[in-house]
Amino acid sequence: MREKYFRPLTGLTLGLPLLALAGCQKADDRPNIIFFLVDDFGWADTQVPFGPEVYPTNGRHDTPNFVEMASEGAILTNAYACPLSSPTRTSILTGVSSAHTHVTNPLASLRGTDTAYDTPDDSPWATVDSLSQGCLDSPRWAVNGVNPAVPGNQDNVEDAFYGTPYARLLKEAGYFTVHIGKAHWATAGTPGCSPYNMGFVVNVAGGVVEFSKCGYRSENNYGNVKDGRAVPFTPHNLMEYYGTGTHITKALTREALKALEFPIQEKKPFYLFLSQYAVHTPIQDDPRFYQKYLDRGMDEGQARFASMVEGVDVSLGEIRAFLKEKGIDKNTVLIVMGDNGGNSENKNKGGILHTQNKPLREGKASCYEGGIRVPMLIEWPGKVAPGTLINTPVICEDLFPTLLHLGGVTRYETVQEVEGQDLFALLTKGSQLAARQSFRDRREAYEFEIPESVSGIDPERYIVSHYPHAWKPYVLDDIDFLSSIRSGRWKLVYRMRTRDLELYDLSEDLGETSNVAKAHPDIVEKLARALSDRLRRFDASMPTVRSTGEKVPMPDEVLNGLK
Ligand SMILES: [Ca+2]
């Protein structure tokens, strides 16, 4: 996608007066917007249940601030991200599906570096003849992330997606745009690696980071200084906290609140993107809460992770308390989300691998629900009805038009065609409709569908996930080389190694334990065609079969195997 694209002029009445306001000194009553993104935040990591019932996993970590926010705002029970960090972050930034941006794996720090793996040479897929069709090589992808379409910057970075970032549009509309925390949307040496080039006017700790070097403890300067020497690719601008015993989550929260003083004083609307490094690796304890979880009988890894989750909860509480203290809580939209499913493949988190997101199957990097379904909450007093469930499926690229609409920006120009859908009506009118219903129990509330006539969003809309790589230098069959599509209750998973098409009925089988493809060939065919249509339209990266050098077939090309 390279040609100019102009949004339809549907927002003419809203957009023009607001844009005009931005340039003058009159009081500006547009809402402040805070987007609180938590890295690797699992669907069941808080005490807020995001499914039809409360699960044992919801009881592990103390998260009273998430619970309070959920009761005063709305819970999005079917929120999706991409399976991994950079794909989600670049989709939010540009409003485009990751299968289409071609940012399908986490970015390295250095330009041009491919982080994705092929099937290892010593795996059964490579060494056993009968399995050899499943020995796959990772395709070329956008290893440099997003190259921002901003004044003076051209589309001249190879293996990058050239797109207009939403933050620039918010800034141009008069928002004071603040970036605090993790970026992870471009590589060093490309324009996108700096949040300033994406449209932010303040940036703390956002840039190119290598997680093997980075740290979350002030005692080791967050990884920035080792043996008296500066270490590149670590979270910067946090010097005042070195050696103070301040965990990074707390330091970032303080920096965020500091940055908001100016726009509050100037009565300027602000957009804060607070992008927590927690609860991603390294799993380093937050000393404020660590001992408590050990005392409850958790192993050290579980207690470390639990303390990081509680640190994030306290951060959320501090943000909400600050808004009340400043008297701006009523005119601030707060959105909380995870950037991909909880990591179920990390031994440092303790416990038993691949169980942390139960009842969901698998975790981070997988196209099964545990990898892509994420916590999401929204609070906006008077506009989003409190205590409601919004069950329409939403996906990370929807944030692009939604954040802009929240800021009154509905008429804008982008070089990319935005694919995300505007959730404004769903979140406001939709939650208000849900609040007017009476439900016998939580399950009934969870099954309530907000009609498209109210929300503008088809509850059966297609949700596409695509992961054409191996994640680790070893085989992970339920993670590597998967693609999936969901419509309503049905979810199709395409396993590229075996060419299997699996079908799950999420209304009865949220854990994707029972493949019902054979019982519903028509649904399999419909979804396989819909998935293939999108992958072709996006010119999606597809892996190649090592023995033949040919691309893996599209899902609709393997339908014969079913019948
Ligand atoms: Ca992540």
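**Overall shape, central sheet and core**

For a protein of 563 residues, a compact globule would have a radius of gyration near 24 Å, and the value found here, 23 Å, agrees with that expectation. The model is a predicted one. Along its principal axes, the C-alpha trace spans about 70 × 60 × 55 Å. Buried residues account for 54% of the 563 residues. Of the contacts with a separation of 6 or more, 69% join residues 24 or more positions apart. The secondary structure comprises 16 helices and 22 strands.

A good place to start looking is an open sheet of eight strands. Its order is β9-β8-β12-β2-β13-β14-β3-β15, and the pairing is mixed. At the edges lie β9 (202–204) and β15 (388–390), each of which pairs on one side only. From one strand to the next, the twist averages 15 degrees. As general background, the strands of a sheet pair through backbone hydrogen bonds, in either a parallel or an antiparallel manner.

Both kinds of pairing can be seen around strand β13. With β2 (residues 32–38), strand β13 (residues 332–338) runs parallel, and seven bridges join the two. Among these bridges, Asn 32 is partnered by Thr 332 of β13, and Phe 35 is partnered by Ile 335. With β14, in contrast, β13 pairs in the antiparallel sense over four bridges; here the bridge partner of Leu 334 is Glu 379.

How many of the residues of β13 are buried? The count is seven of seven, so to speak a strand that is mostly covered. Thr 332, Leu 334, Val 336 and Gly 338 point one way from β13, while Val 333, Ile 335 and Met 337 point the other way, and all of them are buried.

Two helices can be followed next, both packed on the sheet. Helix α10 (residues 300–325) touches β2, β12 (270–276) and β13, and its direction makes about 175 degrees with that of β2. Helix α2 (residues 64–72) touches β3 (74–76), β13 and β14 (376–379), with about 60 degrees between its direction and that of β14.

The largest nonpolar core contains 153 residues, and those with the most contacts inside it are Phe 36, Val 178 and Leu 492. Helix α10 gives the most to this core, with nine residues. Where does the core lie with respect to domain 1 and domain 2? Domain 1 (28–118 + 145–450) and domain 2 (481–563) both give residues to the core, so it lies between them. Phe 36 offers a closer view: apart from its neighbours within four places in sequence, Phe 36 is in contact with Leu 274, Leu 316, Ile 319, Leu 334, Ile 335 and Val 336.

Another helix worth finding in the model is α12. Seven of the eight residues of α12 (residues 399–406) are buried, so this helix is largely enclosed by the rest of the structure. The buried residues are Leu 399, Phe 400, Pro 401, Thr 402, Leu 403, Leu 404 and Leu 406. They pack against strands β2 and β13 and against helices α3 (85–94), α6 (166–172) and α13 (424–435). After α12 comes Gly 408, whose phi is positive, near 75 degrees.

Technical notes: Residues are numbered from 1 along each chain as its sequence is written. This is a predicted model: local features need pLDDT of at least 70, side-chain atom pairs count only at pLDDT 80 or more; totals for chains, interfaces and linings use all residues. Two strands pair if DSSP finds at least two bridges between them. Axes are lines fitted to C-alpha atoms, for helices over the stretch in contact, and angles run from 0 to 180 degrees between N-to-C directions. Two residues are in contact if their C-beta atoms, placed from the backbone, lie within 7 Å. A nonpolar core is a set of buried Ala, Val, Leu, Ile, Met, Phe, Trp, Tyr and Cys residues joined through C-beta atoms within 7 Å. A residue is buried if 20 or more other C-beta atoms lie within 10 Å of its own, exposed if 12 or fewer, and partly exposed in between; C-beta atoms are placed from the backbone. Domain bounds come from an automatic or database domain assignment. The radius of gyration is taken over C-alpha atoms; the globule rule is 2.2 Å times the number of residues to the power 0.38.
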